[in-house]
Amino acid sequence: MRFNEKVVAGMMNSLSNRGITTWSIDKETNLLSMSSDFKRWGGVLSDERYHRPNLLQEMVYAEDVHIFKEHMDKLYTGQTSSLEHRILIHNNELMWVQSIGIPVLNKDNEVYRIDGIVLDITEKKTMQEQLESTFSLYQKMLDTIDVAIWSYDTISRRVSFISDAIAKITGYPAEKAKESNFWSDIIHKDEKGIIEKIMATVAQGIPDLNEYRIIHANGEIRWIQVRIIPSLDRSRSVVRLDGIVADITARKVMEEALHRNEQRYKSLFEYNSDVVCELDLFGNILASNPVAENITGEQLNSSEESLSIMNVFGAEHAGQMTDYFEKAIEGDSQHYVVTSHHKDGGVVHWDLMNVPIQVNNRIVGVFAIAKEVTVKRETEKRLAECEAEYRLITDNMKDMMVVLDSVGNVSVASPSCQSILGIPIELIMDTTILEHIHPDDRQDLIEQIKDMFKTKRSKLLRIRFVHVNGYIIYLESLGTPVFGDDGEMANIVILSRDITKKVKIENELRASEERYQRLIELSPEAIVLHSDYKFIYVNFAGLELFGVSSLSELVGKSIFQCVHPDYRTLVKERLRESIYKQQRLSSPNEQKVIRADGEIIDVEVMASSISYKGENAGISIFRDIRDRKRAEEDRKNSEQTIRESEERYYRLQMSLDQFSHDLFGIMKISQMEERLLKEVRELLEVSNVSIIEVEHNHDKLCEIIETEKGYSLKIGETKGKSYLLCIDEKPIILNITSIRVWLKTITRYVSVLFDHFLLIEDLTKELEQAASGQFTPPWLLRFLFNLSENERKHLAQDLHDSALQEQIIWYRKLDFLLIDRSIPGELREQLEQITEGLLNVIHQIRITCNELRPPMIIKGGLISSLETLFDFTQLRTNYAIHFDAEHFNQKLDDDVLIGLYRIVQELLANAAKHSSATEVRIILSSQGNRVRLEYEDNGIGMELTGTENSPTRMGIYGMRERVRSMDGTIQFLSSKNKGLAIYISVSCKR
């Protein structure tokens, strides 16, 4: 970028920060750069710095494009140009702007860049248009009235403004009226001196009001009234005179006519129905008409005393009457109200007016004209009270009330209009009602109003109004015509109630009825509508149930033709008493119906009363229960079996859980055999149970073989020998499938371990003979532990693939059985409990498989496997585990990894069984080629003397041997009630 371009970019950013947008066109590259605000106006979202110059013209409003082109042409020729025009910004909003273009010339006096400044003048333009509109309105108002307004600048001694109405008053155009000698030329010769007085008065800053004559341009004499208001500056000097000139010729002519007719109207004094008293300038009554004495009860004309107006109308209003009397003497006649008391004690209200009496332009007295308005005041009072009551009702009513004039404009609106329509009352007044209703309802409303004008009757309308927020409001309206004195309709009072919720409910009800009708038609249950024991309607399922193809085959016919003879009397009695008369819902009843083809089928019927065409009818629902009948027999047979099996499943589940748990502590085949025999004796309640060794036979593993004495199951075979579990009795309980499954499952547990335990024992014996009593070497320990892990792995796989899958199958069968809704509640609860029990068995087998061989122990690593073990242990124990492996970063051989995991597993088991600890801390760390495992708890501790190397303490002995198999060291530290600490160190590699 050249230096000048950097300056331009800086100026653009600076001006943008001050609210002024800018642009610049590089003529050499023909590229346009814009300030950020100008980009925002144009809707440019990209961060690119340069754009095509046509973007400026694309933003210009279509009607202004031609003048914008001329503006740009000037800039390209080197001329500075400024233009006010419109642009369309990114949201299609129209904006007025002032574009100022400055061409920048090079040393050859050629344009090489054009810089532009764009100012937002929308607000200025709007104000200017409003000002012009207001001025035009005022000008039109002044031109349409017979009053001229003028303004005279005393500094420049010229008329700065005069309205065109002066031409109507004087006959001379406004420009003529601005001349300095205009008024002195047209004033009547007898009024010359008044101009000097007026000017002397206003020169002192005192407003003036005067009437005088002028000569109109057509030669006529005209009376005008001139009001002059001086304007003063801070020094109290007159700087401007503003005046109003009104033609009062008509009034003056009228006054002269009144004067000429004074005698004619004077005769009316005696016959006036109102009280008329002539008063002198002191308020004394000079004369009164006869009516005055009749109404007031005072002898006014014959009284020798001098009576004042206060004697007639009451002294309590003396101050008020005095004030108005003095105003009348000054020429100001006004109405006022007073109250007096008649001689008979009654209260009389007067509408009083003091009229000055002028003779030769001089006030010589006052006429006091009093009209008795007692009845009017009382009526007005009652009307005011009624109006207040009506206003209270109107202001607090929730319904909306509007009064329309003869052209449909709103002349009265209740406050509730705002709460219903959301529009302030002042915005509703004088608007047509059509502006506020839905466009689709306008023509209908027009027709309804026309009909009201024609029939002169009220109409109930339902109209949709549009709320100020745009949503639709449904109003139920009563239009009532109001008639004028001529008998024609002058107004319409519309009282409206918001029924939007009602309409919504009606629409929902209508839709609901349609849905229910459709549901009835498509219902899989047969539904029959009947009245007086005859078919009225049958849905599709009903036609199929009764074996007919169309509704016409049943409608109007007796329902008893489809009822089995054995049930007709019962059905007739039930319908008559419960449905047609009492309108109740009958409970489900079983009966038989006869199809059109003669087939008799079992159904369950439930009936209810329903109103049909103003009469009681019935609706009956038929359900084909043939399949249910057949299923009931099967279910009844299975109910007892399932009910009896509930406790059995629980016992079997607990047996499998306990047996699988005990297998973890067994290391010898004799112990496993003894535990198996004990479990079989207790659960099958038999005594003659044994495990025998026979020559190899071809029985399948864990299959129950019936013998003469009882039953046998092969639990293992090795070296040409088969090992059988023999039950020399035939307990009845073994006929139950679940017991047989349990026996197969528990023997499968044993069979998985049996062969391996035999092999281990044989190998152990051989090793013992070879070692001749010497200390077991570490390699042999490693071999034994690896062998045990492999067996655990196989056992876990076998449990998962056999016992677990069998339990899952039984669970799914029970779950499928529960789908049948016809199973009674009590039986369903029992089945659900059995299902939960099976889930627990499945869960326990999964736990057993995980304990035998933790999943992902090799791939996941030691730390991840231990964390999973700790999470699971925390769910089953009451102590907290704190694990720290921050300083462990070694990769371990598989046998070391599994060995450390088994040690931790044994430590946690011992802590749960014996330590009574609340906290257990385990630290795993590595340094060099060694791994260190530290265990500490806060339990009761243990006696270490003589126990560390004792085979009878299987837990400690097993850990010690496992550590020795890894060429490691183990140290026990403990004292009574002070916890236990174990420190283990092993090599990382083998």
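## The chain as a whole

The protein chain holds 30 helices and 35 strands. What you are looking at is a predicted model. Of the 990 residues in the chain, 40% are buried. The accessible surface of the protein chain comes to about 57,300 Å², and carbon and sulfur atoms account for 51% of that area.

How far along the sequence do contacts reach? Taking contacts between residues at least 6 apart in sequence, 51% join residues that are at least 24 apart.

## A sheet from β12 to β16

A good place to start exploring is an open sheet of five strands, with the order β13-β12-β16-β15-β14 and antiparallel pairing. Its edge strands are β13 (285-288) and β14 (335-341), and each of them pairs on one side only. On average, neighbouring strands of this sheet are turned by 30 degrees against each other, direction ignored.

To see one pairing up close, find strand β12 (residues 275-279) and strand β16 (residues 362-372), which are antiparallel and share five bridges. Here L279 stands opposite V366 in β16. Helix α14 (residues 318-329) packs on this sheet, where the helix touches β12, β14, β15 (347-359) and β16. The direction of α14 makes about 140 degrees with that of β14.

## A sheet from β17 to β21

Further along the chain is an open sheet of five strands in the order β18-β17-β21-β20-β19, with antiparallel pairing. Which strands stand at its edges? They are β18 (410-413) and β19 (459-466); each has a single partner strand, so one side of each has no neighbour in the sheet. From one strand to the next, the twist averages 30 degrees.

Strand β17 (residues 400-404) runs antiparallel to β18, and three bridges join the two. Look for V403 opposite V412 in β18. Helix α18 (residues 439-455) packs on the sheet and touches β17, β19, β20 (472-483) and β21 (489-498). Its direction makes about 155 degrees with that of β19. Helix α19 (residues 500-522) lies across β19, β20 and β21, and runs at about 125 degrees to β20.

## A closer look at D64

Now turn to a single residue. D64 sits in the loop between α3 (54-58) and α4 (65-76). Is D64 buried or exposed? Its relative accessibility is 7%, and buried means under 20%, so D64 counts as buried.

What does the side chain of D64 reach? It comes to 2.9 Å from the backbone nitrogen of R86. Leaving out residues up to four places away in sequence, D64 touches H85 and R86.

## Nonpolar cores

In soluble globular proteins, nonpolar side chains tend to be buried together. In this model, the largest nonpolar core has 38 residues, and those with the most contacts inside it are M672, V680, L684, L725, W742 and L743. The elements giving two or more residues to this core are α22 (626-662), α23 (669-684), β29 (711-718), β30 (721-727), α24 (737-771), α25 (778-817) and α26 (825-852). Which of them gives the most? That is α24, with 11 residues.

For a view from inside this core, pick M672: apart from its neighbours within four places in sequence, M672 is in contact with L663, I666, V750, L753, F754 and F757. Another core, of 37 residues, lies apart from the largest one, and L900, L908, L944 and V963 are among its residues.

Technical notes:
Residues numbered from 1 in each chain as written. Predicted model: local features only at pLDDT ≥ 70, side-chain atom pairs only at ≥ 80, totals over all residues. Heavy atoms only, no water. Pairing = 2+ DSSP bridges. Helix = DSSP H or I, 4+ residues; strand = E, 2+ residues; numbered from the N terminus. Axes fitted to C-alpha atoms, helices over the stretch in contact; angles between N-to-C directions. Contact = heavy atoms within 4.5 Å. Buried < 20%, exposed > 50% of the residue type's maximum accessible area, 1.4 Å probe, protein only. Polar contact = N/O pair within 3.5 Å; in protein donor to acceptor, adjacent residues only side chain to side chain. Areas by Shrake-Rupley, 256 points an atom, 1.4 Å probe, with all protein chains shown as cover. Core = buried A, V, L, I, M, F, W, Y, C linked by side-chain atoms within 4.5 Å.
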